[in-house]
Amino acid sequence: MIKILLDTDIGGDIDDAMCLAYLLREPRCRLLGVTTVCGEPEKRAAVADAICRAAGREVPVVAGADETLQPVPVYPTPEGAGALERWPHGEFDRGDAPEFLYRHISENPWEIVLIAIGNMTNIAMLFRRHPDAPGLLRGLYTMNGYFGAEPLPDPTYNWNSWADPLASKEVFAAKVSTHRAVPLEVTDLLTIKAGEARELFPKSSPLLQAVMDFGGAWLEGTGKLTLHDPLAAVSVFYPEVCSFERGRVEVETENRDNMGGTAFTPDSLGSVEIARSVDRERFYQVLRDTLCPAG
């Protein structure tokens with residue numbers, strides 16, 4: 001069993017919900033808790049709690065930060081939270097996510113993998129308050145960064161970095177024994193059409209019914225499913241799914257036209273490993289077998 005903490009901006013894009021669902025069903029995962037980040041984190045916490053309950057699980061959930069370390073001109077709201085009226089869930093007030101994370105990390109030194117799939121605000125605050133925290137982690141797995149050859153249409157496409165560039169910079173610089181990041185140019189390879197997504201992940205359980213309900217608007221609106229966040233989680237338990245390269249990552253925090261932009265330099269002594277490729281078929285096999293087991 002691997003002890004896991006998940007930090008997420010669940011409540012909008014369906015892939016956060018798919019990531020949480022995978023962790024709830026992965027037999028080698030011991031999910032210790034979930035923290036939420038980004039606009040209206042209390043509603044996001046309620047969504048996370050509802051998905052856990054749909055899986056028949058009680059998992060501690062803490063509503064975290066919505067104010068970023070570096071101000072940004074957008075305050076996203078969890079548009080999928082409208083489905084809360086159809087699912088049992090708890091009510092949440094703002095909590096102290098960094099302290100919740102640190103308590104578990106300090107009580108379980110070198111045993112916890114922290115998975116961060118939203119903007120990096122909670123994680124950067126954790127590392128600021130507790131400089132020993134990075135060294136106490138077994139690993140840090142993030143969905144963050146873009147290192148593709150073609151320029152992005154807009155800096156916001158690299159959302160998890162753009163939404164708090166300073167936090168992203170600090171997290172990429174932290175000294176964690178294993179920090180693996182799955183970037184946008186790799187996760188984009190996992191895109192499938194909405195119809196194919198419904199076939200691969202039928203509503204065969206209350207858990208998948210909840211995932212599709214909370215993420216249905218996103219799926220309908222975009223007409224596709226890109227599983228950015230689940231790749232970070234799957235690569236914890238199936239490291240062969242991705243190939244990684246070690247190096248250093250710099251984050252733009254001043255130039256507005258490239259705010260949150262990320263640049264990678266290979267370095268055997270670098271603080272992070274970024275995914276360079278993904279075995280698409282293997283990834284989907286793992287995810288489908290875990291969420292829709294035969295029999």
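Asp7 of strand E1 (2–8) stands opposite Thr35 in strand E2 (29–36). The two strands pair in the parallel sense over seven bridges, where pairing requires that DSSP finds at least two bridges between two strands. Strands (E, at least two residues) and helices (H or I, at least four) are DSSP runs, numbered from the N terminus. The model is predicted: local features need pLDDT of at least 70 and side-chain atom pairs count only at pLDDT 80 or more, while totals for chains, interfaces and linings use all residues. Residues are numbered from 1 along each chain as its sequence is written, and side-chain values use heavy atoms, with hydrogens and water left out.

**Strand E1**
- Seven of the seven residues of E1 are buried (under 20% relative accessible area, 1.4 Å probe, protein chains only), so the strand is largely enclosed by the rest of the structure.
- Ile2, Ile4, Leu6 and Thr8 lie on one side of E1, and Lys3, Leu5 and Asp7 on the other.
- E1 also pairs with E4 in the parallel sense, over five bridges, and Leu6 stands opposite Ile115 in E4.
- Together with helix H1 (residues 14–25), E1 and E2 make a right-handed β-α-β unit; right-handed means that, with the strands pointing away from the viewer, the path from the first strand over the helix to the second runs clockwise.

**The sheet**
- Nine strands form an open sheet with mixed pairing, in the order E3-E2-E1-E4-E5-E6-E11-E9-E10.
- Strands E3 (61–63) and E10 (262–266) stand at the edges with a single partner strand each, so one side of each has no neighbour in the sheet.
- From one strand to the next, the twist averages 30 degrees.
- Strand E9 (residues 242–251) pairs with E10 in the antiparallel sense over five bridges, and Arg248 stands opposite Thr265 in E10.

**Helix across the sheet**
- Helix H3 (residues 97–107) lies across E1, E2, E3 and E4, running at about 160 degrees to E2; axes are lines fitted to C-alpha atoms, for helices over the stretch in contact (heavy atoms within 4.5 Å), and angles run from 0 to 180 degrees between N-to-C directions.

**Nonpolar cores**
- The largest nonpolar core (buried Ala, Val, Leu, Ile, Met, Phe, Trp, Tyr and Cys residues joined through side-chain atoms within 4.5 Å) has 72 residues.
- H1 gives the largest share of this core, nine residues.
- Leu20 touches Leu6, Ile10, Leu31, Val34, Ala48, Ile51 and Cys52, not counting residues up to four places away in sequence.
- A second, separate core of 24 residues includes Leu5, Leu114, Met120 and Leu136.

Notes. Buried means under 20% relative accessible area, exposed over 50%, partly exposed in between (1.4 Å probe, protein chains only).
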